[in-house]
Amino acid sequence: MSLIAITEVKKRFGDNEVLKGISVDIAPGEVVAIIGKSGSGKSTLLRCINGLETIDEGSIVVAGAQFLPDEVHLKALRLKVGMIFQQFNLFPHLTAGGNVMLSQMVVKKTPKKDAEAVARKMLDRVGLAHKFDALPDELSGGQQQRVAIARALAMQPIALLCDEITSALDPELVAEVLAVVKELAAEGMTLVMVTHEMRFARDVCSRVVFMHQGRVHEIGAPEDVFANPRTPELRQFLGVQ
Amino acid sequence: MTEFSFWDILRNLLLAARWTVVLSLVSFIGGGIVGAALLFLRIGGRRWARLLSRGYIQLFQGTPLLMQLFLAFFGIGLFGIDVPAWLAACVALILWTAAFLAEIWRGCVESIAKGQWEASASLGMGYLQQMRYVILPQALKVAVPPTVGFSVQVVKGTALTSIIGFVELSKAGSIVTNATFQPFTVYGLVALIYFALCWPLSKSSQLLERKLDVAHRNH
């Protein structure tokens with residue numbers, strides 16, 4: 001039984017069809033990397049899974065909950081999948097702890113004391129327990145992204161979507177964020193990540209999806225995809241001849 | 001013929017200036033409340049609400065305040081209701097202020113990065129929760145300097161209500177002039193009183209802008 005079932009999904013922006021019938025099934029505990037050139041539709045696919053974009057055709061089912069574009073269904077879907085963004089998108093007016101507490105209190109109506117306990121636990125999990133009272137402006141990019149991960153984890157999602165989460169970071173900060181993701185993967189969290197970190201995809205992911213021009217071009221275990229690219233597009237993308 | 005001392009003139013003008021202050025406060029607070037309602041219709045909600053709010057804002061921004069005052073004063077009278085000047089002045093100024101504040105605040109809300117909406121949506125928040133806990137707290141900070149700055153326009157706008165016969169600072173100026181035949185002294189004082197009301201507002205708008213550091217804040 002797959003956790004995330006994406007079936008024949010099509011998405012258009014005006015006349016431009018960015019997803020041309022995508023089907024991927026993701027099992028619980030899988031770590032899936034989506035790779036491809038910019039404009040291949042990989043970020044759009046991720047945003048569709050979280051309902052940030054509506055789909056024109058096909059279906060997306062997450063743990064039995066169908067994606068439908070109304071507030072009740074969207075909320076149910078979003079409680080199951082968390083999302084981490086390239087630009088972190090922390091709430092700048094709240095402290096790190098406040099960021100992690102807010103949605104628990106507002107969406108789940110968790111009492112403040114419990115929300116704070118969860119927030120401390122989650123910040124500790126990403127190695128930032130000591131930054132509970134720091135404002136986002138006072139944190140490095142890598143720390144901000146780790147707070148964003150803690151914020152998503154606090155909602156206890158069954159899967160996390162990561163949209164190029166290290167692309168906006170200085171090179172020396174990438175490792176600390178990837179270390180957190182790696183740990184999550186080891187703990188059995190289902191992860192779907194759009195990434196340009198090929199080495200990370202090879203080492204950590206259980207499957208790699210190569211997207212090209214709105215289609216899934218190749219899909220398979222990282223050792224196959226990276227060692228034996230079957231199509232010229234993937235060979236070109238990986239820079240091997 | 002009675003002689004008027006400088007003090008007589010100033011005293012009468014200052015007494016009338018109270019009404020300018022009261023009218024400004026009423027317009028600003030009332031306009032703020034109506035403006036907030038317009039803002040919510042304008043940026044969220046349904047299509048008809050957005051259109052309605054947009055139409056309202058364009059109508060009130062696209063016609064002179066003086067015409068709005070005339071329409072409030074004479075228009076409501078057509079329904080057989082006797083409108084006192086103060087009521088017409090309050091109504092027209094509140095509606096006028098609301099249109100401008102709604103538009104200023106819309107700009108502030110839209111200046112908040114799209115990622116804030118997406119992040120809060122991805123955490124499961126609904127529209128009102130996003131507004132209440134994520135967008136407005138940030139937008140309010142951006143909104144303070146231009147809002148205080150606009151209050152200067154409201155104070156000066158109250159001068160027009162003299163034309164429908166509401167006795168505030170400007171109207172008092174012409175009444176006193178007619179009695180004293182010293183237009184330069186009188187209107188000079190009127191201008192100074194307006195300046196004394198408006199300058200602190202402009203100045204505080206500038207200071208707030210620097211203090212809240214709106215331009216340099218990164219999201």
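# A guided tour of chains A and B

Visitor: Which strand of chain A pairs with β3 (residues 31–35) in the parallel sense over four bridges?
Guide: Happy to start there! Strands are DSSP runs of E with at least two residues and helices are runs of H or I with at least four, both numbered from the N terminus, and two strands pair if DSSP finds at least two bridges between them. The four parallel bridges of β3(A) lead to residues 190–194 of chain A, which form strand β8.

Visitor: What kind of model is this?
Guide: Residues are numbered from 1 along each chain as its sequence is written, while chains are lettered from A and ligands numbered from 1 in the order in which they are written. Local features need pLDDT of at least 70, side-chain atom pairs count only at pLDDT 80 or more, and totals for chains, interfaces and linings use all residues, since this is a predicted model.

Visitor: Which residue in β8(A) is the bridge partner of A:Val32?
Guide: β3(A) and β8(A) run parallel. Within that pairing, A:Val32 bridges to A:Val192.

Visitor: Which strands stand at the edges of the six-stranded sheet in chain A?
Guide: This open sheet has mixed pairing and the order β6-β7-β8-β3-β9-β10. A strand with a single partner is left without a neighbour on one side, and this is why the edges are β6 (81–84) and β10 (215–220) of chain A.

Visitor: How many degrees does the twist of that sheet average from one strand to the next?
Guide: Axes are lines fitted to C-alpha atoms, for helices over the stretch in contact, and angles run from 0 to 180 degrees between N-to-C directions. From one strand to the next, the average twist is 20 degrees.

Visitor: Which helix of chain A lies across β6 and β7?
Guide: Contact here calls for C-beta atoms, placed from the backbone, within 7 Å of each other. The helix covers residues 141–153 and runs at about 170 degrees to β6(A), and β7 covers 159–163. That helix is α5(A).

Visitor: What order do the strands take in the open sheet of four in chain A?
Guide: Pairing in this sheet is antiparallel. β2 (16–26) and β5 (65–66) of chain A each pair on one side only, as edge strands. Five antiparallel bridges connect β1 (residues 4–13) with β4 (residues 57–62), both of chain A. The full order is β2-β1-β4-β5.

Visitor: Which residue in the turn between β4(A) and β5(A) has a positive phi?
Guide: These two strands run antiparallel and are joined by two bridges, with A:Val62 partnered by A:Ala65. They form a hairpin with two residues between them, and the phi of about 45 degrees belongs to A:Ala63.

Visitor: As what does A:Lys182 count, given its C-beta neighbours inside 10 Å?
Guide: A:Lys182 is found in helix α6 (residues 171–186) of chain A, and its C-alpha atom is 6.7 Å from that of A:Val204, 22 residues apart along the chain. With C-beta atoms placed from the backbone, a residue is buried if 20 or more others lie within 10 Å of its own, exposed if 12 or fewer, and partly exposed in between. A:Lys182 has 16 such neighbours, so it counts as partly exposed.

Visitor: What radius of gyration does chain A have?
Guide: The value is taken over C-alpha atoms, and the globule rule is 2.2 Å times the number of residues to the power 0.38. A compact globule of 241 residues would come near 18 Å, and chain A agrees, with 18 Å.

Visitor: How many strands are there in chain B?
Guide: Chain A has nine helices and 10 strands. Chain B reads α-α-α-α-α-α-α-α along the sequence. Its eight helices come with a strand count of zero.

Visitor: What percentage of residues 85–105 of chain B is helix?
Guide: The unreviewed UniProt entry lists this span under "transmembrane region", together with 20–44, 56–79 and 184–202 of chain B; positions follow the numbering used here, feature names are shortened, and annotations may be inferred rather than shown by experiment. Residues 56–79 are 83% helix, with end C-alpha atoms 22 Å apart. For residues 85–105 the ends are 30 Å apart and the helix share is 100%.

Visitor: Which element gives the largest share of the side of chain B that touches chain A?
Guide: The contact takes 16 residues from chain B and 19 from chain A. Elements of chain B giving two or more residues are α5 (114–122) and α6 (127–157). The largest share, six residues, comes from α5(B).

Technical notes
Two residues are in contact if their C-beta atoms, placed from the backbone, lie within 7 Å.
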